[in-house]
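Me: I'm new to this one and would like a close look at a single part of it. Could you start with the overall layout and then take me to the place where the ligand sits?

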Amino acid sequence: MALTAAFTGLVAIASVGHAQGEASDPEVKARMALMKKIGSQTKILGDMAKGDTAFDATAAQEAATTMAAAAGEIPALFEPQATDPESEAKPIIWEQWSDFTQKAIDLETAATSASTTITDQASLGPAMREIGGACRACHETYRESD
Ligand code: HEC
């Protein structure tokens with residue numbers, strides 16, 4: 001039983017890997033690359049928040065600034081209703097376009113605010129909660145979570 005469970009787990013991990021493969025549609029590729037960029041800024045802040053990397057106010061503020069700029073690009077890069085088998089974007093994005101873009105603005109606002117409020121280790125937590133809330137608010141409606 002334990003062996004079966006372990007194997008099933010591996011298959012699940014492998015299939016997630018497959019689902020995250022390269023898109024071939026250029027517009028889908030561009031918006032996924034934008035999300036990856038947002039994801040890597042989040043990781044910079046998250047690693048500092050967890051203490052995996054040393055706190056560095058300048059680096060943290062830069063990550064937040066880069067994230068805010070990337071969030072500002074979400075509407076332009078998602079506007080074409082491009083599709084790709086690797087895409088996790090739900091069609092409802094284009095049915096509720098103004099709500100979707102509002103959620104991009106919410107992330108931009110949270111990241112812009114973080115770029116000035118992150119001054120020490122203790123300020124990372126509240127900033128990350130705001131940013132994380134903005135990611136989840138959009139993903140829960142507009143991204144497939146298979
Ligand atoms: C306005 C909506 C919105 C916001 C805000 C948002 N995302 Fe996304 N994100 C999406 C959508 C839609 C997709 C799926 C895109 C696709 O596969 O075509 C996605 C995909 C991703 C992916 C997968 C990219 C890939 O290559 O498959 C990552 C990582 C990601 N988002 C991280 C984040 C993080 C971290 C935040 C917050 C800091 C965030 N996102 C905020 C809408 C959003």
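In what order do the elements of the protein run from the N terminus on? And which residues are the closest to the ligand?

Reply: A word on the model before the tour. This is a predicted model, where local features need pLDDT of at least 70 and side-chain atom pairs count only at pLDDT 80 or more, while totals for chains, interfaces and linings use all residues. Residues are numbered from 1 along each chain as its sequence is written, and side-chain values use heavy atoms, with hydrogens and water left out.

Now the layout. Going from the N terminus, the elements run α-α-α-α-α-α, so you get six helices and zero strands. Both are DSSP runs numbered from the N terminus: helices are H or I with at least four residues, strands are E with at least two. The protein has 146 residues, and 32% of them count as buried. Buried means under 20% relative accessible area, exposed means over 50%, and partly exposed is in between, using a 1.4 Å probe and protein chains only. As for contacts, meaning heavy atoms within 4.5 Å, take those with a separation of 6 or more: residues 24 or more positions apart account for 75% of them.

On to the ligand. Around it are 25 residues, and the closest are Met35, Glu88, Cys135, Cys138 and His139. To belong to that group, a residue needs a heavy atom within 4 Å of the ligand. The space the ligand takes is the largest pocket. Pockets are found on a 1 Å grid over the protein atoms alone: a pocket is an open set of points with protein on both sides within 12 Å along at least five of seven lines, whereas a cavity is a set where a 1.4 Å probe fits but cannot get out, and lining residues have an atom within 4 Å of a point. A molecule sits in one of these if more than half of its atoms lie within 2 Å of its grid points.

Which parts of the chain build the shell? Two or more residues each come from helix H2 (26-50), helix H3 (57-78), helix H5 (97-117) and helix H6 (121-142). H2 gives the most, with seven residues. Sorted by class, the shell has 15 nonpolar, five polar and five charged residues. Here Ala, Val, Leu, Ile, Met, Phe, Trp, Tyr, Cys and Pro count as nonpolar, Asp, Glu, Lys and Arg as charged, and the others, Gly among them, as polar.

Oxygen atoms of the ligand also have polar partners. One is 2.8 Å from an N or O atom in the side chain of Arg31, and the side chain of Ser87 has an N or O atom 2.7 Å from a ligand oxygen. With Glu88 the partner is a backbone N or O atom, again at 2.7 Å. A polar contact is a pair of N or O atoms within 3.5 Å; within protein, one must be able to donate a hydrogen and the other to accept it, and residues adjacent in sequence count only if both atoms are side-chain atoms.

Let's follow those helices through a few residues. In H2 sits Ile38, which is buried because its relative accessible area is 5%. Apart from neighbours within four places in sequence, Ile38 is in contact with Met67, Ala70, Ala71, Ile74 and Leu107. Its C-alpha is 9.7 Å from that of Cys135, although the two are 97 residues apart in sequence.

Moving to H5, you'll find Ala111, which counts as buried because its relative accessibility is 0%. Ala111 touches Ala64, Met67, Ala68 and Ile131, leaving aside neighbours within four places. Thr101 lies in H5 too; it is buried because its relative accessible area is 15%. A polar atom of the Thr101 side chain is 3.1 Å from the backbone oxygen of Ser98.

In H6 there's Arg136, which counts as exposed because its relative accessibility is 54%. Arg136 and Lys103 are 33 residues apart along the chain, with 9.8 Å between their C-alpha atoms.

Last stop: Thr53, in the loop between H2 and H3. Thr53 counts as partly exposed because its relative accessibility is 36%. Its side chain reaches the backbone nitrogen of Met48 at 3.4 Å.
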